[in-house]
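Good morning, colleagues. Please take a moment with the sequence and the model on the screen before I begin.

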Amino acid sequence: MFEISFIPAFKDNYIWLLHRDRRAFVVDPGDAAPVLARLEADGLGLEGILITHHHADHQGGVAALTERYPVPVFAPAAESITGCTHPLFGGESIEVLGCPVQVMAVPGHTAGHIAYLAGDRLFCGDTLFGAGCGRLFEGTPAQMVASLDAIAALPLATQVYCAHEYTDVNLRFALAVEPDNRAIQARLAKVAELRGAGLPSVPSTLAEEKATNPFLRCRENDVMAAAVRHGATEVSPVAVFAAIRAWRNVF
Ligand code: ZN
Ligand code: FE
């Protein structure tokens with residue numbers, strides 16, 4: 001299996017660098033410059049690019065990278081992606097540095113958003129974040145709940161490589177939703193320590209997310225009650241999710 005490291009970009013993006021035997025892939029290169037610098041510094045040759053969705057902070061570096069390295073670009077078929085050579089819908093299996101990778105359709109943040117699952121490592125773009133989830137720019141709450149349910153069905157040990165460092169503020173919101181949740185309190189302390197040391201709070205495990213992420217906890221009594229206090233008129237998972245997501249947008 002390949003190794004994974006991160007390339008920070010912009011204010012809070014992570015570009016994931018997958019590498020093995022001097023060969024590399026990157027996930028969501030919103031900016032080419034830090035990727036080119038890192039490939040050079042580490043003596044790696046780029047062999048492919050994985051894109052989760054069309055937002056500029058995820059695909060903005062593709063043109064410059066493919067100019068230097070004419071490599072395959074795997075990307076959502078349903079979205080407009082610069083230089084896409086391998087359009088994907090979800091359900092496919094592709095090969096990355098000799099490893100099988102499953103493609104999952106996870107619409108919600110955008111209409112064609114996909115995620116990549118390599119063994120127990122999940123590259124989920126802006127669908128699931130540490131203790132949070134992406135805003136619904138194009139999809140419906142029902143779509144996002146179905147996408148999050150598909151992720152939640154993966155093994156608990158799955159490592160969640162999301163694309164932004166949002167965990168701290170997300171946990172503060174999670175604690176507003178569930179003030180008595182000890183796992184959230186403990187994770188807040190852990191993340192403060194990591195961030196204080198200049199380290200990323202991701203990847204997390206799916207087990208951690210299920211214990212602390214309100215958007216994966218829409219069937220928990222405390223989350224349902226909080227949703228009702230914030231406008232949910234019923235406690236179906238979709239209605240609870242929609243109310244919590246709307247509350248998060250103004251938190
Ligand atoms: Zn996005
Ligand atoms: Fe993003």
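Let me start with a definition: rings of Phe, Tyr and Trp, the last taken by its six-membered ring, form a pair if their centres lie within 6.5 Å. By that criterion, ring pairs join F6, Y14, W16, F123 and Y161 into a cluster. Please bear in mind throughout that this is a predicted model.

I will stay with the aromatic residues for a moment. Over the whole structure, the search returns eleven aromatic pairs. One of them is formed by Y14 and W16: the ring centres are 5.5 Å apart and the planes meet at 45°, so this pair is tilted. Y14 and W16 are both buried. A separate contact involves a charge, since R68 lies over the face of Y69, at 4.3 Å from the ring centre.

I turn now to the metals. Which residues hold the zinc ion, ligand 1? Its protein donors are H53 through NE2, H55 through ND1, H109 through NE2 and D126 through OD, at 2.2 to 2.3 Å from the ion. Along the chain these donors follow the spacing H-x1-H-x53-H-x16-D. H55 and H109 bring together distant parts of the chain, 54 residues apart: H55 sits in the loop between β4 (45-50) and α2 (56-59), and H109 in the loop between β8 (99-105) and β9 (114-118). Both H55 and H109 are buried.

Why is the arrangement around the zinc ion classed as irregular? The four donor atoms subtend angles of 86 to 172°. A tetrahedral label would require all angles to lie between 85 and 135 degrees, so the upper end of the range at the zinc ion, 172°, rules that label out.

The second metal is the iron ion, ligand 2. Its protein donors are D57 (OD), H58 (NE2), D126 (OD) and H164 (NE2), lying 2.1 to 2.3 Å from the ion. The spacing of these donors reads D-H-x67-D-x37-H. The iron site is likewise irregular, with angles of 84 to 168° among its four donor atoms. Of these donors, H58 is buried, and its relative accessible area is 0%.

How far apart are the two ions, and which residue coordinates both? The iron ion and the zinc ion are 3.2 Å apart, and D126 is the residue that coordinates both.

Next, the sheet. Six strands make up an open sheet in the order β7-β8-β9-β10-β13-β14, with mixed pairing. At its edges stand β7 (93-96) and β14 (204-205); each has a single partner strand, so one side of each has no neighbour in the sheet. Within the sheet, β10 (residues 121-125) and β13 (residues 159-162) pair in the parallel sense over four bridges. R121 stands opposite Q159 in β13.

Finally, the cysteines. How many disulfides does the structure hold? The count is zero. For C99, the closest cysteine sulfur belongs to C124 and is 19 Å away, which is too far for a bond. For C133, the closest is that of C218, at 8.4 Å, again too far for a bond. The cut-off applied is 2.5 Å between the sulfur atoms. C99 is buried at 5% relative accessibility, and C133 is buried with a relative accessible area of 5%.

That concludes my presentation, and I welcome your questions.

Notes
Residues are numbered from 1 along each chain as its sequence is written. Chains are lettered from A and ligands numbered from 1 in the order in which they are written. This is a predicted model: local features need pLDDT of at least 70, side-chain atom pairs count only at pLDDT 80 or more; totals for chains, interfaces and linings use all residues. Side-chain values use heavy atoms; hydrogens and water are left out. Donors are N, O and S atoms within 2.8 Å of the metal (3.2 Å for Na, K and Ca); water is not among the atoms, so sites may look incomplete. Four donors count as tetrahedral if all angles lie between 85 and 135 degrees; four count as square planar and six as octahedral if opposite donors are over 155 degrees apart and all others between 65 and 115; anything else is irregular. Helices (H or I, at least four residues) and strands (E, at least two) are DSSP runs, numbered from the N terminus. Buried means under 20% relative accessible area, exposed over 50%, partly exposed in between (1.4 Å probe, protein chains only). Rings of Phe, Tyr and Trp (its six-membered ring) pair if their centres lie within 6.5 Å; planes under 30 degrees apart count as stacked, over 60 as edge-to-face and the rest as tilted. A charge sits over a ring if NZ of Lys or CZ of Arg is within 6 Å of the ring centre and within 35 degrees of the ring normal. Two strands pair if DSSP finds at least two bridges between them.
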